[in-house]
Amino acid sequence: MTEMRRVTAIRNGTVVDHIPSGYAMQVIRILGIDADRATPVSLVMNVPSDKIGRKDVLKIEDRELDQEDLDRLALIAPAASIAIIRNHAVAEKMKVELGDGLVNIARCSFSNCITKNNREPLPQRMRVVSRDPLEVRCYYCGRDQEIDELIGNII
Ligand SMILES: [Zn+2]
């Protein structure tokens with residue numbers, strides 16, 4: 001219960017719970033919150049969690065995450081749980097679910113991939129080969145992506 005009190009003290013916005021410990025800053029980056037300095041964000045790090053050992057929790061004020069945000073989040077925090085807060089109460093709960101493919105979520109890490117050819121713009125497509133451990137392969141060049149690198153290439 002202490003945990004819940006710690007994370008629900010916002011009026012409107014989104015609580016992202018069960019982020020793997022140490023990854024909250026990356027979540028902030030892929031959601032574009034670091035660039036948008038108008039969004040108040042609270043960050044709780046290294047909280048003990050029954051589910052994943054230790055976790056980070058983010059409270060993002062006045063922003064509701066959408067499905068596209070969740071698809072990005074799946075790469076970093078596949079076990080995250082999302083609560084949309086309206087007027088201090090949980091209005092909606094969402095789960096991050098990694099689908100079989102990622103379209104226009106991240107760029108292929110290999111420089112000689114056909115997707116790097118700007119004259120022939122192609123959608124960025126990745127196939128999710130395995131979820132645990134996470135393995136993602138480029139649809140075009142067939143190469144397995146280094147997950148940390150892929151996170152750096154999120155569009
Ligand atoms: Zn590729």
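## A tour that starts at C108

Select C108. This residue is buried: 25 other C-beta atoms lie within 10 Å of its own. In this predicted model, C108 sits in the loop between β6 (101–103) and β7 (125–131).

Now show what surrounds C108. Leaving out residues up to four places away in sequence, C108 touches C113, T115, Q124, C138, Y140 and C141. Colour the cysteines among them: C113, C138 and C141.

Next, add V15 to the selection. V15 and C108 are 93 residues apart along the chain, and their C-alpha atoms are separated by 30 Å.

**Step back: the whole chain**

Zoom out until the protein fits the window. Its C-alpha atoms fill a box of roughly 50 × 30 × 25 Å along the principal axes. How does the radius of gyration of the protein fit a compact globule? For 155 residues such a globule would have a value near 15 Å, and the 17 Å of the protein agrees with that.

Colour by secondary structure. You will find four helices and eight strands. Trace them from the start of the sequence: the pattern is α-β-α-β-β-α-β-β-β-β-β-α.

Now colour by confidence. The mean pLDDT of the protein is 88, and 95% of its residues reach 70 or more. Which element has the lowest mean pLDDT? Select residues 2–7: helix α1 has the lowest, at 50. Strand β4 (residues 81–86) has the highest, at 95. Where pLDDT is low, the predicted coordinates should not be read in detail.

Switch to burial. Buried residues make up 26% of the 155. Then look at contacts with a separation of 6 or more: 61% of them link residues 24 or more positions apart.

**The five-stranded sheet**

Select β1 to β5. These five strands form an open sheet in the order β2-β3-β1-β4-β5, with antiparallel pairing. Its edge strands are β2 (41–49) and β5 (89–95), each of which pairs on one side only. From one strand to the next, the twist averages 20 degrees.

Go to the β2 edge. Seven bridges join β2 to β3 (residues 53–61), and the two strands run antiparallel. A hairpin of three residues leads from β2 to β3. Pick out two residue pairs here. L43 stands opposite L58 in β3. V47 has K55 of β3 as its bridge partner. As you look along the strands, remember that in a regular strand the side chains alternate between the two faces of the sheet.

**The nonpolar core**

Keep L58 selected. Together with V16, I19, V27, L73, A77 and A80, L58 has the most contacts inside the largest nonpolar core, which holds 29 residues. Which elements give two or more residues to this core? Select β1 (13–20), α2 (24–30), β3, α3 (67–76), β4 and β8 (134–138). The largest share comes from α3, with four residues. In soluble globular proteins, nonpolar side chains tend to be buried together.

**The three-stranded sheet**

Now select β6, β7 and β8. They make an open sheet of three strands in the order β6-β7-β8, paired antiparallel. Strands β6 and β8 are the edges, and each pairs on one side only. Here the twist averages 30 degrees from one strand to the next.

Look between β7 and β8. They pair in the antiparallel sense over five bridges. One residue pair to pick out is V128 with its bridge partner V136 in β8.

**Last stop: L102**

Select L102, in strand β6. Is L102 buried or exposed? L102 is buried, because 22 other C-beta atoms lie within 10 Å of its own, and 20 or more count as buried.

Show the contacts of L102. Beyond its neighbours within four places in sequence, they are D71, M126, V128 and V136. V128 and V136 are the bridge partners you picked out a moment ago. M126 is 24 residues from L102 in sequence, yet their C-alpha atoms are 5.0 Å apart in space.

From here, go back to C108, in the loop that runs between β6 and β7. C138 is one of the residues C108 touches.

Conventions: Residues numbered from 1 in each chain as written. Predicted model: local features only at pLDDT ≥ 70, side-chain atom pairs only at ≥ 80, totals over all residues. pLDDT = per-residue confidence, 0-100. Pairing = 2+ DSSP bridges. Axes fitted to C-alpha atoms, helices over the stretch in contact; angles between N-to-C directions. Rg over C-alpha atoms; globule rule 2.2 N^0.38 Å. Buried ≥ 20, exposed ≤ 12 C-beta atoms within 10 Å, placed from the backbone. Contact = placed C-beta atoms within 7 Å. Core = buried A, V, L, I, M, F, W, Y, C linked by C-beta atoms within 7 Å.
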